[in-house]
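Thank you all for coming; I would like to walk you slowly through one structure this morning. Please have a look at it first, and then we will go through it piece by piece.

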Amino acid sequence: MLYQPLLVGKDTYFLQTGDATGFELHRHPEMELSFCLSGDYRVIVEGEEFLLQAGDLVLIRPMAAHEYPEGGTGRRLTAELGP
């Protein structure tokens, strides 16, 4: 499992759009929002799997282990909000 460092010395948020092509299991102290812009993709949060489709949003609490398995067909907007 990966641990991402705090957004120290940077903006208190991170915002990115991109293909939902997968991201391995990780955790970080920021709250994460993942919004499905189109298509669909899966997200696993603390072992519970969710299928996001266009218009769906998932909110991931700080330090929750989560991953985006390969195989998604969608595009997502990801926002991380620092402490």
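Before I point at any pair of residues, let me settle one term: two strands count as paired if DSSP finds at least two bridges between them. With that in hand, we can say that in strand S8 the bridge partner of Val45 is His66, and I will come back to that residue later on. Please also keep in mind throughout that what you see is a predicted model.

Let me begin with the overall picture. The protein has 83 residues, of which 34% are buried, and its secondary structure comes to 0 helices and 9 strands. Read along the sequence, the pattern is therefore simply β-β-β-β-β-β-β-β-β, given that helices and strands are taken as DSSP runs numbered from the N terminus. If you take the contacts with a separation of 6 or more, 68% of them are between residues 24 or more positions apart. The accessible surface comes to about 5,000 Å², and 56% of that surface belongs to carbon and sulfur atoms.

Now to the way the strands are arranged. There is an open sheet of 4 strands, in the order S2-S9-S4-S7, and the pairing in this sheet is antiparallel. Its edge strands are S2, which covers residues 13-19, and S7, each of which pairs on one side only. On average, and ignoring direction, neighbouring strands of this sheet are turned by 15 degrees against each other.

Within that sheet, let us follow strand S9, residues 75-81. S9 pairs in the antiparallel sense with strand S4, residues 31-38, over 7 bridges; along this pairing Cys36 stands opposite Arg76, and Ser34 has Thr78 as its bridge partner. S9 is also joined to S2 by 7 bridges, again running antiparallel, and there the bridge partner of Phe14 is Glu80.

Strand S5 gives us another set of pairings. S5 runs antiparallel to strand S6, residues 48-53, and 6 bridges join them, with Ile44 standing opposite Glu49. These strands form a hairpin with 2 residues between them. S5 also pairs with S8, in the antiparallel sense, over 2 bridges.

What is particular about the backbone of Glu46, in the turn of that hairpin? Its phi is near 50 degrees, a positive value in a residue other than glycine. To put that in context, most residues other than glycine have a negative phi. Glu46 lies in the loop between S5 and S6, and with a relative accessible area of 44% it is partly exposed. Met63 is another case, with a positive phi of about 65 degrees although it is not a glycine. Met63 sits in the loop between S7 and S8, and it is partly exposed as well, with a relative accessible area of 32%.

Let us turn from the loops to the interior. The largest nonpolar core has 10 residues, namely Ala20, Cys36, Tyr41, Val43, Val45, Leu52, Val58, Ile60, Ala64 and Tyr68. The elements that give two or more residues to this core are strand S5, residues 40-45, and strand S7, residues 57-60, and the largest share, 3 residues, comes from S5. As one example from the core, Val58 is in contact with Glu32, Leu33, Ser34, Val43 and Leu52, once its neighbours within four places in sequence are left aside.

Finally, I promised to return to His66. This residue is found in strand S8, residues 66-68. Is His66 buried or exposed? His66 counts as buried because its relative accessible area is 1%, whereas the cut-off for being buried is under 20%.

Leaving aside its neighbours within four places in sequence, His66 is in contact with Glu24, Leu25, His26, Arg27, His28, Glu32, Ile44, Val45 and Ile60. With one of these, Glu32, the side chain of His66 makes a polar contact to the side chain, at 3.0 Å. There is also a distance worth giving here: the C-alpha atoms of His66 and Glu48, 18 residues apart along the chain, are separated by 9.1 Å.

That is where I will stop, and I am happy to take questions.

Terms used
Residues numbered from 1 in each chain as written. Predicted model: local features only at pLDDT ≥ 70, side-chain atom pairs only at ≥ 80, totals over all residues. Heavy atoms only, no water. Core = buried A, V, L, I, M, F, W, Y, C linked by side-chain atoms within 4.5 Å. Buried < 20%, exposed > 50% of the residue type's maximum accessible area, 1.4 Å probe, protein only. Contact = heavy atoms within 4.5 Å. Polar contact = N/O pair within 3.5 Å; in protein donor to acceptor, adjacent residues only side chain to side chain. Areas by Shrake-Rupley, 256 points an atom, 1.4 Å probe, with all protein chains shown as cover. Axes fitted to C-alpha atoms, helices over the stretch in contact; angles between N-to-C directions.
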